[in-house]
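Let's take a walk through this fold together. Have the sequence and the model side by side as you read.

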Amino acid sequence: RLHFEHGGAEASIVREAGRVRAREMLPAIQAGSWPLKSSVGLGMVRSWLAVGTGGRGAGGANRMLRACMSSGSGPVDGKDPAASREFAWRVNHMISLPNAQDYDGEDETDFVSWRSNSIASKQRFASRGKDGEQEGSTRVVVPHIITPRPAKIILIRHGESEGNRDETVYTTKADWKIGLTQLGKNQARQAGRHLRDIVGKGDVHIYHSPYVRTVDTTKEILKALDPQQVKAVREEPRISEQQFGNLRDVDAIQRCKEERKVFGRFFFRFPDGEAGLDVYSRVTTFIGTLRRDQRDENCTVVIVTHGLALRLFLMRWFQWTVEQFEATQNPNFCGMAIMNRIPADGRYRLTQSTLDMLGADNAPTTSAIGRSLLRKAYTRELLSNN
């Protein structure tokens, strides 16, 4: 119906393309005759699918195409009929999603349910011939599309601050303006050398809290790295320290901290300040930004933050329960929590040294299975207790 040459197509065709046109293109893809070898052809398909999904399918189209091409078994020249049918099914599924949603696998829960709910329709589509007739036993096994993510995510607590050494500093200086002690600067330099040993010459992207103590820690860390490998340094307010309110009395601060030990760090709220739950909420939005921004599989993301924010980041990422979070402890000054990407499925696993540092032996250490399975296990545990 539609025929796209390798040399390109008129812009009007792309503008007018929509769901009807997308379905008309499926037989050509299924037959392996779609010109995906050329960059022009790939660009046309990306733009076309974005229009065909109501303008919201560009991200999913890019990831889908990257996965098909990088696997070496995509429907490039029609030599792999199964891959051609697999690709055709993905296009058909994308343009059939309600409200043109873009299921890109970033949320593991949505991704697991999307795949499980799509099996029947996938098998029905894969078992049809070029004329739309049922062929019977044909079945395509859809490979897991791995969303590109950084090789490592390393969270670093700031070095020793003036407030850590003398809490009376909090009564005379705003919390966010409290800097590092000389020991804290030495700790940060050592952390920089350790980081250099871990990442080698690989690219590094750094996020840091706007607090002076985390800014100073970042500056000391940067001294150990080659400026050419540092691709970006960003200030990120959402990974700031928990807000302790406007306390100016040392005794009042101590009373609140003692009460927090009994009440629990996650739900205890300082007067005019935040609870751990509030930090958890803003860290959650930062994780969404991180997943959208960082798509380089060869880079390391470094996050220079605070003890509580660091643990709540891990709680959110690995879906720890409140009880599991409360059992953990803050890392030492300039302690590193290292998340390594698992090549097989693109998820992350905490290193054993990180678990030992945080005392997180009983908390989930990997997101490899998907959050929906963790919820199922939790549900079974509650039901078994009834």
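Before we look at the sheet, one definition helps: two strands pair if DSSP finds at least two bridges between them. Bear in mind, too, that this is a predicted model.

With that in hand, find H205, which stands opposite V301 in strand 4. The two strands concerned are strand 2, residues 204–208, and strand 4, residues 300–305; they run parallel and are joined by five bridges.

Now step back to the whole sheet. Six strands make up an open sheet with mixed pairing, and their order is 3-2-4-1-5-6. At its edges you will find strand 3 and strand 6 (348–350), each of which pairs on one side only. From one strand to the next, the twist averages 20°.

Next, the helices. Helix 9, residues 212–222, lies across strand 1 (152–157), strand 2, strand 3 and strand 4, and it runs at about 140° to strand 4. Helix 12, residues 307–318, also packs on the sheet, where it touches strand 1, strand 4, strand 5 (336–341) and strand 6. The direction of helix 12 makes about 150° with that of strand 1.

Let's finish at a single side chain. Follow the chain out of strand 3 (230–235) and, in the loop that leads to helix 10 (250–263), you will meet Q242. Is Q242 buried or exposed? Its relative accessible area is 1%, so Q242 counts as buried, the cut-off being under 20%. Among the residues that Q242 touches are D175, R260, F268, F270 and L308. E274 is another contact of Q242, and the backbone oxygen of E274 lies 2.7 Å from a polar atom of the Q242 side chain.

How values were computed. Residues numbered from 1 in each chain as written. Predicted model: local features only at pLDDT ≥ 70, side-chain atom pairs only at ≥ 80, totals over all residues. Heavy atoms only, no water. Helix = DSSP H or I, 4+ residues; strand = E, 2+ residues; numbered from the N terminus. Buried < 20%, exposed > 50% of the residue type's maximum accessible area, 1.4 Å probe, protein only. Polar contact = N/O pair within 3.5 Å; in protein donor to acceptor, adjacent residues only side chain to side chain. Contact = heavy atoms within 4.5 Å. Axes fitted to C-alpha atoms, helices over the stretch in contact; angles between N-to-C directions. Lists of a residue's contacts leave out its neighbours within four places in sequence.
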